[in-house]
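Work through the following exercises with the sequence and the structure side by side, and try each task before you read its solution.

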Amino acid sequence: MAVEQSTTLSRETLLDWYYQIVLIRQFEERCDALYKDHKITGVYLHLYSGHEAVGVGALAALGTDDHVITAYRDHGIALARGVDAKPLMAEMMGKRTGVSGGKGGSMHLASRAHNFWGGYAIVGGHFPLATGIALKVRYMKEPNVVLCFMGDGATNNGYFHEAVNMAAVWDLPVIWLIENNLVGMGTRIEDSSGQPQLHKRAAAYGIKDGGRVDGQNVVEMYEAVSQAAAYAKKKGPVLLEALTYRYSGHGVSDKQYNVREDLASELKQWQDARDPINVLRGIINASYPGAEAELKALEDRADGVVEESVKFADESPVPTYEDLISNVYVGRSPLD
Ligand SMILES: Cc1ncc(C[n+]2csc(CCOP(=O)(O)OP(=O)(O)O)c2C)c(N)n1
């Protein structure tokens, strides 16, 4: 799908996207610090830093009644979907006021109010759910679309074939959006995929190939997902690939970038040349020069929002025993 920059985007829209991208970056950097401070716990913490323009551009193209689902690199997508930073940070810290009651944590957070269905840690486990949600949309004759984010590595999980194929057979309104950051944990895409241009797999399922988009450019992401959504609602699934880069490795404990000079230099190249904040700054300066003071004010605003979210989360209580056994299949332990 050729991406046409058909829309003249307003100054207000571009500034709003700038704010969202900066908010995600600051939120994630703060999470990194809180993890190192043991305030956020868990085996992994996967940050969205570097990917921000993918989530912000893609979600700007959706309506509030559309559906969103993703894997474990989910905090940034939740913020871009409009989930408030306070319950999000509280969730990160496992607090009762968290968006999932403190029981989901970093990898399993969701918000029904936002049609944001999570947050899944089992790689590929959310693909059949995306197909299922889209089946419901089609069955109920709703005018909506399901946007399913995934990593490049996840496309080699068997669920990818099953879920994408069924969505194709039933012409379901799904956008399969691959966030190709070149690596799955420590394995390069060329070492795991026979066809590293992942969008080309669309041909195998007879669905629309949405092409490869610059995931560091929020405007291109918005345009591509807008076109994909229009197509998916009318005709069926679209497979879209966004090229991006993860700034903090697989998770914050990933030491590859500290010990491998080639990776450190690749990371630096992406940060220097393709950082989504700088790319958008360039677009804003080209279209609406003289916005420097406003951009700084937006950065300060994001800083304040993150600060408040940490305070809120810090002061929130942990879940009670009753909380922990609510909304689960088994109420009390048989030993009680
Ligand atoms: C079914 C399954 N297999 C293996 C894992 C371990 N694992 C966690 S993340 C990951 C790599 C996924 O990479 P990708 O989909 O590219 O996402 P990214 O981290 O790049 O965003 C693997 C293999 C898992 N969580 N689930």
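**Exercise 1: A strand and its neighbours**

In this predicted model, strand E1 (residues 67-69) and strand E2 pair in the parallel sense over 3 bridges. Find which residue of E2 stands opposite Val-68, and then work out how E2 pairs with strand E3.

Solution. Begin at Val-68, which has Leu-147 of E2 opposite it. Next, turn to E3 (residues 174-180), which pairs with E2 in the parallel sense over 6 bridges; here Leu-147 stands opposite Ile-175. Finally, follow the chain from E2 to E3, which passes through helix H6 (residues 158-169) and makes a right-handed β-α-β crossover.

**Exercise 2: The two sides of E2**

Decide which residues of E2 point one way and which point the other way.

Solution. Val-146, Cys-148 and Met-150 point one way, while Leu-147, Phe-149 and Gly-151 point the other way, and all of them are buried. This agrees with the count for the strand (residues 146-151), in which 6 of its 6 residues are buried.

**Exercise 3: Around the ligand**

Describe the residues that surround the ligand.

Solution. There are 13 residues around the ligand, of which Val-123, Gly-151, Gly-153, Ala-154 and Gly-184 come nearest. Sorting the shell by character then gives 6 nonpolar, 5 polar and 2 charged residues.

**Exercise 4: The whole protein**

Judge how compact the protein is for its length.

Solution. First note that the protein has 14 helices and 7 strands. Its radius of gyration is 20 Å, close to the 20 Å that the globule rule gives for 336 residues, so the protein is as compact as a globular protein of that length. Of these 336 residues, 48% count as buried.

Methods: Residues are numbered from 1 along each chain as its sequence is written. This is a predicted model: local features need pLDDT of at least 70, side-chain atom pairs count only at pLDDT 80 or more; totals for chains, interfaces and linings use all residues. A residue is near a molecule or strand if its C-beta atom, placed from the backbone, lies within 6 Å of it. Ala, Val, Leu, Ile, Met, Phe, Trp, Tyr, Cys and Pro count as nonpolar, Asp, Glu, Lys and Arg as charged, and the others, Gly among them, as polar. A residue is buried if 20 or more other C-beta atoms lie within 10 Å of its own, exposed if 12 or fewer, and partly exposed in between; C-beta atoms are placed from the backbone. Helices (H or I, at least four residues) and strands (E, at least two) are DSSP runs, numbered from the N terminus. Two strands pair if DSSP finds at least two bridges between them. A crossover is right-handed if, with the strands pointing away from the viewer, the path from the first strand over the helix to the second runs clockwise. The radius of gyration is taken over C-alpha atoms; the globule rule is 2.2 Å times the number of residues to the power 0.38.
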